[in-house]
Amino acid sequence: MDVEQQPGTTSASGGRVTMQQVAAEAGVSVSTVSKVLNGRYGVSPATSQHVMGVITRLGYEASLVARSLRNRRTNVIGVLVADFEPFSTEVLKGAADAIRDSGFELVAYSAGGRVDEHVGWERRYLSRVMGTLVDGAVLVTPTVTDVQYDGPVVAVDPHTGRSSLPTVAGDNLQGARLGVDHLIGLGHTRIGMVTGRPDLVSAQLRERGFREAHAAAGLDVDESLLALGAFETEQARVAAHRLLALPEPPTAVFAANDLSALAVLEVARERGLDVPGDLSVIGFDNVPESALSDPPLTTVEQPIRRMGHDAVALLLGLLDGAPVADTQLTLPTTLVTRRSTAAPRPA
């Protein structure tokens, strides 16, 4: 079956470049162009080189669908994200690093941020793209991990935790302990938390780390100092206002992600509080925006870009049929100290 033109590829006159135009420009038959594109025998090296030069000059591109029908491979990897927010953007950067020089291309698909209304969005998107558009897929923070498709699928930071699906995640539990230990080490004993989504394993592990750090230091957790942030800016703002309006507000706040921590910084500024003089704030993720806040945000770094890189590297190995030593990767988290945390002021 001859390949067709890629939708969107245009000629100088504004129309789509077709195989017929390539043949006419090169002065050869359509079947010769097809043989060159498909790597078939019967075309001299000189003619093949000439035709490929015309293809490059005109910008002709074979369609992914035709390519998959012909070779049962598209050489394209799909990355499915809930939305293009800071975390998924960093994952995509790492995925692009891994795809370089691999012979594969990368396509990103977004659910448009509406996943709260559509749990299981990954299954619908995979059914649209797997097999004809992509050879395999990386799911970023998926809500389900029991998907079954013809090609390999790898999950980054899955909401439901480990499963039989290959996964790459950061060490959420240890990371939270690092963050809270830092605040306790500075002398804070009244520490609030803006929590994540309670249905997500990553959020559960970060709250568990918050509690374990208190227990290890011999401190009780004041339940009134925990407020739901749900990993969302507006919800985190509501949580911050509630915590900072308490008769005895916390002297420090550990937020379950950087977006929530940045919201706490905004609310503290609106309420006339000095950070870190009146309030220390620490986040989780170390997205690029955390270094640009005022003051720069102390945070727990999970290697997000490396997570994207390792997920694609794992997927490429599965596509090649190579033996994979470990399909459940947990990457270490580290503390990044900036200017949003300090010792509490004396009473």
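The exercises below go through the sheets, the largest pocket and some backbone features of a predicted model.

Residues are numbered from 1 along each chain as its sequence is written. As the model is predicted, local features need pLDDT of at least 70 and side-chain atom pairs count only at pLDDT 80 or more, while totals for chains, interfaces and linings use all residues; side-chain values use heavy atoms, with hydrogens and water left out.

**Exercise 1. State the strand order of the open sheet that contains β7, and name its edge strands.**

Step 1. Terms: helices (H or I, at least four residues) and strands (E, at least two) are DSSP runs, numbered from the N terminus. Two strands pair if DSSP finds at least two bridges between them.

Step 2. The sheet has six strands in the order β7-β6-β8-β9-β10-β12, with mixed pairing.

Step 3. β7 and β12 (334-336) are the edge strands, as each pairs on one side only.

Step 4. From one strand to the next, the twist averages 20 degrees. For such angles, axes are lines fitted to C-alpha atoms, for helices over the stretch in contact, and the angles run from 0 to 180 degrees between N-to-C directions.

**Exercise 2. Describe the pairing of strand β6 and explain why β6 is called largely enclosed.**

Step 1. β6 pairs with strand β8 (residues 252-255) in the parallel sense, over four bridges. Within this pairing, Ile191 has Ala252 of β8 as its bridge partner.

Step 2. β6 also runs parallel to strand β7 (residues 226-228), and three bridges join them. Here Val194 has Ala227 as its bridge partner.

Step 3. Beyond β6, three bridges link β8 to strand β9 (residues 280-285), again in parallel. Val253 stands opposite Val281 in β9.

Step 4. Buried means under 20% relative accessible area, exposed over 50%, and partly exposed in between (1.4 Å probe, protein chains only). On one side of β6, Ile191, Met193 and Thr195 are buried, and on the other Gly192 and Val194 are buried.

Step 5. Five of the five residues of β6 (residues 191-195) are buried, so the strand is largely enclosed by the rest of the structure.

**Exercise 3. Which hand does the β-α-β unit of β6, helix α8 and β7 have?**

Step 1. A crossover is right-handed if, with the strands pointing away from the viewer, the path from the first strand over the helix to the second runs clockwise.

Step 2. The unit made by β6, helix α8 (residues 201-216) and β7 is right-handed.

**Exercise 4. Describe the open sheet that contains β1, including its edges.**

Step 1. Six strands follow the order β2-β1-β3-β4-β5-β11, and the pairing is parallel.

Step 2. β2 (105-110) and β11 (328-331) are at the edges with a single partner strand each, so one side of each has no neighbour in the sheet.

Step 3. Direction ignored, neighbouring strands of this sheet are turned by 20 degrees against each other on average.

Step 4. One of the pairings is that of strand β1 (residues 76-81) with strand β3 (residues 136-140), over four bridges. Val79 has Val138 of β3 as its bridge partner.

**Exercise 5. What lines the largest pocket?**

Step 1. On a 1 Å grid over the protein atoms alone, a pocket is an open set of points with protein on both sides within 12 Å along at least five of seven lines, and lining residues have an atom within 4 Å of a point.

Step 2. The lining has 31 residues; Glu85, Thr141, His159, Phe231 and Asn257 lie nearest the centre of the pocket.

Step 3. α5 (86-99), α8 and α10 (258-270) each supply at least two lining residues, and α5 gives the most, with three.

**Exercise 6. Locate the cis peptide bonds at Pro276 and Pro295, and the positive phi values of Phe231 and Asn286.**

Step 1. Most residues other than glycine have a negative phi, and most peptide bonds are trans.

Step 2. The bond from Val275 to Pro276 is cis, with omega near 15 degrees; Pro276 lies in the loop between α10 and β9.

Step 3. Asp294 and Pro295 are also joined by a cis bond, with omega about -5 degrees. Pro295 lies in the loop between β9 and β10 (298-301).

Step 4. Phe231 has a positive phi near 65 degrees and is found in the loop between β7 and α9 (233-244). Its relative accessibility is 17%, which counts as buried.

Step 5. Asn286 has a positive phi of about 65 degrees and sits in the loop between β9 and β10. Asn286 is buried, with a relative accessible area of 17%.

Terms used: 1 Å grid on protein atoms, 1.4 Å probe; cavity = no way out; pocket = protein on both sides within 12 Å on 5 of 7 lines; lining within 4 Å.
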